[in-house]
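This report concerns a protein model with a bound ligand. Please look at the ligand and its surroundings first.

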Amino acid sequence: MDIIANFIDGQYQAPCQQQYIDNIEPATGQVYGQIPDSGDDDVELAVAAARKALPAWQLMPLEQRADYLIAIAQEIERRIDELATAETIDNGKPISLAREVDIPRAASNFKFFAHACSQFASESHAMAGNAINYTLRQPVGIVGCISPWNLPLYLFTWKIAPALAAGNCVIAKPSEVTPKTAALLGEICQKVGLPNGVLNILHGTGAMVGQAICQHEEVKAISFTGGTSTGAAIAQLLAPKFKKLSLELGGKNPALIFADCDFDSTLEQVFRASFANQGQICLCASRLYIERPIYEKFKQALIAKAQALQVSDPLLETSKMGALVSKAHLQKVLSYIAAAKSEGGVVLTGGEQIQLSGRCQQGYFLQATLIENLANSARCNQEEIFGPVITLQPFDNDQEALTLANDSQYGLAATVWTNHLARAHQLAENLNTGIVWINCWLLRDLRTPFGGMNHSGLGREGGVEAMRFFTESKNVCVKY
Ligand code: TXE
């Protein structure tokens, strides 16, 4: 049994109340470990550790702080196989995806913000009459970072790295569903000698330790990634406390596929955008709008690819489609397929849970699923399913495509597939999403603002946006 501990003040510690939660491997459906079910007492210990560490950490020369982040990145890279295996066991994603995307990106997050902290400039504004203003951007202090289960270490470090780079001390909570790589990050911090209390990692549920982190008076900012409803609950709780809040929430992302696109390349990329990580990425393309002249051809090609996509044990090197993250999530995704059928949807392929043999017999597996013939108002077109389920609809002109795409409460990411230059830029201007990819998907420059609008979140992560979120700006005006 793999028992995880909290990481507080540079040491692993059992939860104060000695309460634990089972940790289940999605590919087998079996309990393989236990994680702390932490609460207020554990948060108190973590805040005390952060409070003690803060003065030295925030006054540390930038280069020295950056050196710690680089050292963490290098240690992540050194332990890539162990971390990738742990991620796959916890999340159910194919081991090749964990090793090629999740873990390398965790290292990149630390490297990127190590450099960002030495480039993080500020402004001054000279005035007529012998006066000058300068802007200080000082660390917020103790901050909370709360992350989800779909890209565990990737999103956990996407928040922690800028928070540390900006001179804050962090209380971080991974999802209780995928805690393992976050737990291992504690060992990495010990190995590189990160000062005790700078990063504290607590495990447990959102309702208990998650909420306790958000509520603690000394935690001055919360960076959250997860479901829209959870984001709303956190915002409601924190509004009267006037804490800084970054919410990276769900998405229901349209793909606008025009007849003039590069067909084969678009097919490959759209398929990956739809089913990568079993469709459990907030940026996945889940609503495909296809210009009518190529609708049938593109549909048949997608069906063929979906049927060829082998669901298998995610620990196999050849695995391209692993398990969904939990039994509850699998049931949620299946409920949407049932809803689609009740709303007149036609399941073109997939739609059924798959039972594998051997060790994965009790695992949470689902076929890649394509559905057509649904109104844009249908639940499967309006709600985030967050699984390997996509819908297809034809359109006849640019305006119709834009109207369909923008008919959503979400606004995270859109993709546009066309070689028509003016069309691409005009659509990019008018799509109500925080991110627009044209003839590509998930091509990421960490300097860019990352996030969505409406029900997809509040604020932006990445680059200078993240450094500014994790600092308070102060204007100093000098008369001389
Ligand atoms: O997210 P939750 P879950 C969407 C997706 C998924 C749904 C729920 O649709 O089906 O969200 O997924 C912590 N105070 N996304 O259950 O519940 C929780 O412990 C403080 C999109 O993972 O939002 C976990 O660490 N913390 C998303 C984290 O919040 C709380 C990726 C996320 O949990 C809390 C994942 C509370 N009251 C899911 N309640 C994306 N944008 O990528 C929960 N938590």
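The text below describes the ligand site.

This is a predicted model, in which local features need pLDDT of at least 70, side-chain atom pairs count only at pLDDT 80 or more, and totals for chains, interfaces and linings use all residues. Residues are numbered from 1 along each chain as its sequence is written, and side-chain values use heavy atoms, with hydrogens and water left out.

Among the 27 residues around the ligand, those that come nearest are Trp149, Glu176, Leu249, Lys332 and Glu384; a residue counts as near if one of its heavy atoms lies within 4 Å. By class, this shell has 10 nonpolar, 12 polar (Gly among them) and 5 charged residues (Asp, Glu, Lys and Arg).

The table gives polar contacts of the ligand, that is, pairs of N or O atoms within 3.5 Å.

| Ligand atom | Protein partner | Distance |
|---|---|---|
| oxygen | Ser147, polar backbone atom | 2.8 Å |
| oxygen | Lys173, side-chain N or O atom | 2.8 Å |
| nitrogen | Leu249, polar backbone atom | 2.6 Å |

On its own the ligand has 810 Å² of accessible area (Shrake-Rupley method, 1.4 Å probe), and the protein covers 86% of this.

Domain 1 (2-249 + 457-479) and domain 2 (253-453) each give at least three residues to the shell around the ligand; the domain bounds come from an automatic or database domain assignment.

Key
A polar contact is a pair of N or O atoms within 3.5 Å; within protein, one must be able to donate a hydrogen and the other to accept it, and residues adjacent in sequence count only if both atoms are side-chain atoms.
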